[in-house]
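Me: I am new to this structure and would like to get to know it. Could you show it to me and take my questions one by one?

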Amino acid sequence: KWLTEDEANTARGLVRHKGRWLSPEQRDLELALEEQKDLDLKLTQEVQQRLVQLRSTDEKKREDAFAALAKIEDKFKAKAFIGAIPSPSREIRKYVFQELGRMKVPEAVRPLVRRSLWDEDEALRPVAYAAVREIGLSDTAFFFLPFLGEESVSARIRAIDRLSKTWIYLV
């Protein structure tokens, strides 16, 4: 007896999912991965909203945002925090620098090195550098090398100073 493709695949125990024939286990795995991806996206959006709330002049909103961010798992905050490094708000930058250092996010080292040398608020430069040190990559010093060629003498001096303190990681 001849079977259609649908009948043959059903007889083999396969199920149709998004136009493809898969085993029930494969379908369940794909559904779970889609759910996880949606959850990750929602959490990332939540982090971004909370970062916006940190700019509020209302102290209660800022406290609520800090409390909500503290409850969210670090891996969901990292990408949004890296995106917030160039924020125009001093308080947000300071918070993000400290949190990225605490979370030890290696992807944040390059922008933090830049901020440790060039942040418009000179008081935040040491905070950014402390975060870089806290992350503690073994090749952190290499991120400072391009700044040795800066036209600004003060930037070169800061890069040399940071490099001299970071050089121990290379030994």
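Me: Leaving aside its neighbours within four places in sequence, which residues is S56 in contact with?
Reply: Happy to help! This is a predicted model, where local features need pLDDT of at least 70 and side-chain atom pairs count only at pLDDT 80 or more, while totals for chains, interfaces and linings use all residues. Residues are numbered from 1 along each chain as its sequence is written, and side-chain values use heavy atoms, with hydrogens and water left out. Contact means heavy atoms within 4.5 Å, and with neighbours within four places in sequence set aside, the partners of S56 are K61 and R62.

Me: Does S56 count as buried or exposed, and at what relative accessibility?
Reply: S56 sits in the loop between α2 (24-53) and α3 (59-71). Buried means under 20% relative accessible area, exposed over 50% and partly exposed in between, with a 1.4 Å probe and protein chains only. S56 therefore counts as buried, at 18%.

Me: How many helices and strands are there in the protein?
Reply: Helices (H or I, at least four residues) and strands (E, at least two) are DSSP runs numbered from the N terminus. Along the chain from the N terminus, the order is α-β-β-α-α-α-α-α-α-α-α. The count is nine helices and two strands.

Me: What is the radius of gyration of the protein?
Reply: This radius is taken over C-alpha atoms, and the globule rule is 2.2 Å times the number of residues to the power 0.38. Those C-alpha atoms fill a box of roughly 85 × 45 × 25 Å along the principal axes. For 171 residues the rule gives 16 Å, and the protein is well over that, so it is more spread out than a compact globule, with a radius of 24 Å.

Me: Which residues of the largest nonpolar core touch the most other members?
Reply: A nonpolar core is a set of buried Ala, Val, Leu, Ile, Met, Phe, Trp, Tyr and Cys residues joined through side-chain atoms within 4.5 Å. L100, for one, is in contact with residues including F81, I82 and L112, beyond its neighbours within four places in sequence. Of the 37 residues in this core, those touching the most other members are L51, F81, V96, L100, L112 and V113.

Me: Which elements do the buried residues of α6 pack against?
Reply: Helix α6 covers residues 109-118, and its buried residues are V109, L112, V113, R115, S116 and L117. They pack against α5 (90-103), α7 (125-135), α8 (141-144) and α9 (153-166).
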